[in-house]
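Got the structure open in your viewer? Let's take a walk through it, one selection at a time.

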Amino acid sequence: TLSENEVVLPFGMSGKKIENSVYTLPFLDIQSYHTLLSLSDINIVRGEVSAVAAMQVGKPFLWDMYKER
């Protein structure tokens with residue numbers, strides 16, 4: 001049983017829950033990436049495919065678009 005300040009993260013990681021958290025993760029397969037998007041409170045995405053995936057899960061997201069040349 002988890003205490004109120006603990007959180008279980010996907011892929012076998014765990015950590016303490018704090019007000020704001022940023023995690024650096026390795027590249028993920030597409031199914032794991034979609035799972036991660038759905039579990040996150042907010043997502044920061046770059047490419048068009050990632051933006052569409054973020055829209056589909058219905059969570060708030062920031063889209064850092066690639067710059068056009």
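Start by selecting tyrosine 66, which sits in the segment after β4 (61-63). Strands here are DSSP runs of E with at least two residues, helices are runs of H or I with at least four, and both are numbered from the N terminus. A quick note before you go on: this is a predicted model, in which local features need pLDDT of at least 70 and side-chain atom pairs count only at pLDDT 80 or more, while totals for chains, interfaces and linings use all residues. Residues are numbered from 1 along each chain as its sequence is written, and side-chain values use heavy atoms, with hydrogens and water left out.

Is tyrosine 66 buried or exposed? Neither, quite: with a relative accessible area of 47%, tyrosine 66 is partly exposed. Buried means under 20% relative accessible area, exposed means over 50%, and partly exposed is in between (1.4 Å probe, protein chains only). Now add Arg46 and Gly47 to your selection, since tyrosine 66 touches both, not counting residues up to four places away in sequence. A contact means heavy atoms within 4.5 Å. Glycine 47 and tyrosine 66 are 19 residues apart along the chain, yet their C-alpha atoms are separated by 6.8 Å.

**Zoom out**

Switch to a cartoon of the protein chain. You should find two helices and four strands, which follow the pattern β-β-α-β-α-β when read along the sequence. Of the 69 residues, 17% count as buried. Among contacts between residues at least 6 apart in sequence, 3% join residues at least 24 apart.

**Helix α1**

Next, select residues 30-39, which make up α1. Which residues are buried here? Ser32, Leu36 and Leu37 are. They cover an arc of only 140 degrees around the axis, so they sit on the same side of α1. The arc is that of the directions from the helix axis to the C-beta atoms. Spin the view to the face turned away from that buried side, and you meet the exposed residues Ile30 and Gln31. To see what covers the buried residues of α1, show β3 (43-45) and α2 (48-57), which are included in the cover.

Before leaving α1, look at its N-terminal end, which aspartate 29 caps: one of its side-chain oxygens lies 3.2 Å from the backbone nitrogen of glutamine 31. That counts as a polar contact, meaning a pair of N or O atoms within 3.5 Å; within protein, one must be able to donate a hydrogen and the other to accept it, and residues adjacent in sequence count only if both atoms are side-chain atoms.

**Helix α2 and the packing**

Move on to α2, where Ala51, Ala53 and Ala54 are the buried residues. Seen down the axis, these fall within an arc of 160 degrees, so they line one face of the helix. On the other side of α2 you'll find Glu48, Val49 and Gln56, which are exposed. The cover over the buried residues of α2 includes α1, β3 and β4.

Show both helices together. They pack at an angle of about 50 degrees, with their axes 9 Å apart. That makes α1 oblique to α2. The contact is made by Tyr33, His34, Leu37 and Ser38 of α1 and by Ser50, Ala53, Ala54 and Val57 of α2. For the angle, axes are lines fitted to C-alpha atoms, for helices over the stretch in contact, and angles run from 0 to 180 degrees between N-to-C directions. Angles under 35 degrees count as roughly parallel, over 145 as roughly antiparallel, 65 to 115 as roughly perpendicular and the rest as oblique.

Pick out valine 57 in α2. Valine 57 is partly exposed, at 28% relative accessible area, and touches His34, Leu37 and Ser38, leaving out residues up to four places away in sequence.

**Past the end of α2**

Glycine 58 follows α2, and its phi is positive, near 75 degrees. Then click lysine 59, in the loop between α2 and β4. What does its side chain reach at 2.7 Å? The backbone oxygen of serine 38. The backbone oxygen of serine 40 also lies 3.2 Å from a polar atom of the lysine 59 side chain.

Last stop: asparagine 43, in strand β3. Asparagine 43 counts as buried, at 5% relative accessibility. Beyond residues up to four places away in sequence, asparagine 43 touches Leu36, Leu37, Lys59, Pro60, Phe61 and Leu62.
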